[in-house]
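I opened the notebook today to look up one chain of a model, beginning with the chain as a whole and ending with a single element of it.

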Amino acid sequence: MLDVPMSRKVHAHCDGMARRDFLRIGALTPLGFTLGNFLGAKSAAAAEGKGKAKRVILVYLGGGLSHHDSFDLKPDAPSEIRGKYNSIKSNVTGLHVGELLPMMAQTMDKVALIRSGSHNNDHHETATNWVLSGRFGSAFGDYPAMGAVAAHETGFHGALPPYVSIPRNPSFTWELGRSAYLGGKYESFRAGDPNEANYKVRDLGALEPIDAKRASRRSELLSTVDSLGSQVKGDDQIGTYDEFHQRAAEMILSPEAQSAFDMEKEKKELRDRYGHSTFGQSCLLARRLVERGVKFVTINSGGWDHHAKIWEGLEKKLPEFDRGFSALIQDMADTGLLSETLVACFGEFGRTPKINKDNGRDHWGPVASLLFAGAGVRGGQVIGESDKNGERVTDRPVKPSDVSATIYNAMGIDHHGWLNSPDGRPIEILAEGDPIPELYV
Amino acid sequence: MSQAAARTAAALLLAFSLALAGNDPTPRIVRLTAEPASIDLQGAGACHGLLVSAETDDGRLLDVTREAAISSSNPKIVAVEAGLVKALADGDVEISVAYSNQTAKLRVVAAETATAVVPSFRNEVVPVLTRYGCNQGGCHGKEAGQNGFKLSLRGFAPEEDYNRLIVESLGRRMNHASPDLSLVLAKATNRIPHRGGALFGPQTRAYDLLVQWIVAGTPNVKAGEATLASLEILGGGRRIAAGQEQQLLVRGIFSDGAVRDLTWLAKFYSNDASVLNVSDAGLVKAKREGASTIRAHFQDKVAVVGFTIPHAKAVDPALYEKRQNVLDGPVFDKLAELRIPPAPGCSDEEFFRRAYLDTLGTLPAPEEVTAFLGDPAADKRAKLPDQLFARPEFVDYWAQLLGDLLQNRKERDHDVRGSKGVRNFHQWLREQVAANRPWDGLARDVLTATGDTAKSPQIGYFVVTIGESREAPKTDLVAAVAQSFLGTRILCCKCHNHPDEKYTQDDYYHFAAFFSSISLDRQKPEKAATTLAVMSQREQEERKRAGDLEKQIQPLEISLKDKSEDETKKIQKQIDDKRKEMESCRKRADEARKAPVKVSQPRTGVALAPQPLDRSATEIPAGEDPRKVLAAWMTSPTNEYFSGSLVNRLWKHFLGVGLVDPVDDLRSSNPPTNPALWKTLNREFVGSGFNLRHVMTLILTSRVYQLGAATQPENENDRRFYSHYYAKRISAEVLLDAISQVTGIPDAFAGYPVGMRAIQLPDPGVESHFLKLFGQSDRVTACACERNGEVTLPQLLHLQNGASVVDKIKNPDGRLAKLLKEEADNAKVVDQLFLSVMGRHPREAESKTVTRLLSDGSERGEVLRDLFWALLNSKEFVFNH
């Protein structure tokens, strides 16, 4: 198959074909590895990961993580590209990460690092909606985020909602990563900031003692006065109201739902280990939620959009990330949760190689670093690479649709499946994209 | 299976499906018709389909195209092959069709069969790529192409596509010597692995056409060849039964008069997939009762046909007879045609609460409810609209709804108008609503506003949509105007032709050109007001340069004092040079002002003059503000997009579903569900001088608005024809105010006095968890979808357990606490609660239950607070029904 990488400007002939592409396809056959074998091997590897993830934690780095300063350092690049930080060894031979990530350095054996995330958009809203749904659309979110699709496929079971965002969905000027045509029913449940003192999920904590007698009285009164549902049939909003009224009541009354969000139930040492930052405690809350049956949790960590004063910015944010994310991986590995939980971490794009006049980096779609762990993913490997300046992908570009296909495949959701828009139009979950087989090899 | 056997089987199937649909299992056929009446075929191998329809004795038309026997009077001239007539030699033949002892004829003339056939790249080859999906947005048609091969989206730029197919990549995509080996064909048939799969096989019409084209030397777009003038569909506009099928025939009428069968190249879509399905080959199937339309696309043209599928069960015609005003005729005629029984009329309680919520966004107070219920006048309902228009809440509510439409919000986290900008625009809207300003005047005032934002606050519309850009035609303003005033979505056309409608990219930029003379002079709010002047970008730049030069001249003139002769000469020269340059700038600015207004189309580079979306000719006098011409075209009484856009929004607001839905997606390919009602509403609106209150009165006093919300099995699936009132969740601001009103505890909005209601808020910038939760519009885009009326889980959590709601119920200063103190009679307290929350007295069963719960020893206050909680959490409260 002619696997033409997206950015082939490097070493391209005037017609756009890169010579190495011809070599690559041709070279396999003499080794007895035919196209059929190749495709077969790919799908076998992808099948490895299929359905392994009972749940997903997506750590979303809104604003765009600078790959040059975190997971894809270029120590040999000129200083205006290289930046301020040195690389440090990780616990994987040959793999280096940025010096602001010492704890991640000791966790890389459990993480698969993709250095070749790549697309061609540098607009926050458009790119955010693209990477969170896997489909390219408008800045206003034409396609549902992966969590919303997961909620739709799983449905509502038990006291906790299937899709939670911590603290809420990402946003710039307006909210992003929404449920689009799947509607409000599958929108994420906003958990709020678990690092707050006296953290309580909005509207969840019981405000006054409601004993069984009172609860039953309220329920009787409600069913007596509310006859609209029996008079009006065929209206799905009325049906949804009843369903959610029931679920809300369960959440409020159920000790499981209450305790799932009760951060005080965790040992102090563990809370310290994740770090007392919004990000750190969000990671811990995410772990608690997936343990208790929530299917898809998105941790929205914004503020990575360092157009100016990037060193100050990263020196504040990277240590929190380092601590929280490594704690999440290690904690779940220790308890055995990791083998059934897919963890993915990425932003909407990378950042520019050349440092700008305000001592920052700007948006850069063509290269980004992405992290995967858990649910059968083989840790301790690097997939893909970028050139010496971190400017173009030189090997194995990974598109947003490939990332989403991987996540759906891990959840056992057929990404070629169809969902219905409100006007009855069938829409494919993903228009393109393949699970990344190298993650499981 | 032989042809005859196949026809018998098909006929049996047809009869069977009709029987299933509850129709007479053996309809008697009284007449057979064949369409079209005559066919002209040009060139050897030219094909054309036909439709055969059987008229039954009960007046229905059945599609028997696939069952009829079709024969040619001279098969050597025109043969019948797979249901198509095909030209073999020049001549004139008669085609006979027979079915169930009836026959019909049509004439076919074949010509030019001796000339070699050369497929047209524009009219045949590119359409094949469109038809089979090669150039759709998910594949090669997207901006980035697919795997190194890009085509124009849906073939809107054939000249570029030719280059990509033939010239690009050293011509590797075609093999002129052995056409079958061409990469394009190998991929399309998946002979070489193709991500898109096998789009067609090697023995198909599409394949043969492409081979023919390659053999002919892959000719490019032919200069002067006939282009498509219009598209028509045969076989539509019929009444059919659920389960019944109907084949469509799509014909293109070309600029040279030729008419060709384009069915096999057209793309078909259903406007309501739950009612009608359509296959890729144009075979329509009715899924269930209802009505909808099918559209066929070819190149940039669209044609639409409708189908009606009445319910099988007859309905007593008397149910449709009562009409209260001109709106009811079209509504009940349609319901009668579809055999959907209407709901019984609503009660006075329901009408009163409904009218208050829809017209004032406010619940009626208990005293108002009892007064209305107790009023014996026969015309009390008819008198209500005028009473509502006189209320201050009417101005509050409609100013807010217009604020949604005109996107009144802060520009960004900072606003060049300062903090007052949004409020001033809001105040201006309030004045228009209070004066019942005709919609055409209001629209003109917004669109042609000039001057400064302090004196003309409606300039805020431009501030928000243009932002900091210096070129208005390149901003969101263009699409926003089309969406808000014309109900048309043209944003797609910024980059390519519209996928669903006839608008092209050129149309977009022609329309954008109307805004090329807008110059927003943005000033810091502390220094000066931002102004909007009518000035092209070129003129702006020249005048700005002239202004800068003038500023440079002044200090130089001052510095002339006390200088030596030499220095004076030098400085004077500088002044003279600058003055000369300033004069040239001014001269160029004046020329630019007189120059014809044009905008450069980014893809073709052609300069396009302002032209409205219907491509009608416009004249813009030199130096005149093009927006004035645009406003005149828009507000013309015959511009159905302008009047229809607003009247459809009003209709949706009151009745729950627009005649066209979504309301900002009016297009000929998505026609109104009730064309007669559409015409009536537009006529009333325009005829009354674009008077909104006139239309509201008609709606409020019609029978259709006053139908009950309760459904029966026969009409519960109807969501388009208004057989019952569609219960809808109350919107965010209205619900918040309702809760505050019934509990007697107002909300506090930061920066506003306590007691201000949510429907009075000028913009969505106020921090309110409740309003965000319940889908308040952010006004970011012009899309009507910004306001969200759906039910979500967090909303229900909030209503049951939200601190603010629970507190309002319990508050010692609240209404319930006061009632408990002042009124000892529980029945009276309960009555007051029901009247304020539900707008009615409690029913017997409800009163009994409350009485029982009050006498089991529980604390009185706690029981009644629980009742209050139950009322506020009921659908009857949260929905308008």
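For these entries I call a residue buried when its relative accessible area is under 20%, taken with a 1.4 Å probe and the protein chains only. What I am reading is a predicted model, and by that cut-off I find that buried residues make up 54% of the 881 residues in chain B.

Before going further I checked the confidence: the mean pLDDT of chain B is 91, with 97% of its residues at 70 or more, while for the complex the predictor gives an ipTM of 0.80 and a pTM of 0.84.

I then looked up the overall form and noted that the C-alpha trace of chain B spans about 105 × 100 × 50 Å along its principal axes, and that the chain holds 30 helices and 27 strands. Of the contacts in chain B with a separation of 6 or more, I read that 64% are between residues 24 or more positions apart.

On the surface, I noted that chain B exposes about 36,700 Å², of which carbon and sulfur atoms supply 53%. I also looked up the charges, and chain B has 112 positive and 112 negative side chains, the centres of the two sets lying 3 Å apart.

Last, I turned to helix α9 of chain B, residues 380-389, and asked which of its residues are buried. I listed K380(B), R381(B), L384(B), P385(B), L388(B) and F389(B). Following these buried residues outward, I found that they pack against four helices of chain B, namely α7 (348-360), α8 (366-374), α10 (392-405) and α21 (692-700).

Note on methods
Residues are numbered from 1 along each chain as its sequence is written. Chains are lettered from A and ligands numbered from 1 in the order in which they are written. This is a predicted model: local features need pLDDT of at least 70, side-chain atom pairs count only at pLDDT 80 or more; totals for chains, interfaces and linings use all residues. Side-chain values use heavy atoms; hydrogens and water are left out. Buried means under 20% relative accessible area, exposed over 50%, partly exposed in between (1.4 Å probe, protein chains only). Helices (H or I, at least four residues) and strands (E, at least two) are DSSP runs, numbered from the N terminus. Contact means heavy atoms within 4.5 Å. Accessible areas come from the Shrake-Rupley method with a 1.4 Å probe; for residues, only the protein chains shown count as cover. Lys and Arg count as positive and Asp and Glu as negative; His and the chain ends are not counted. The place of a charge is taken as NZ of Lys, CZ of Arg, CG of Asp or CD of Glu. pLDDT is the predictor's confidence in each residue, from 0 to 100.
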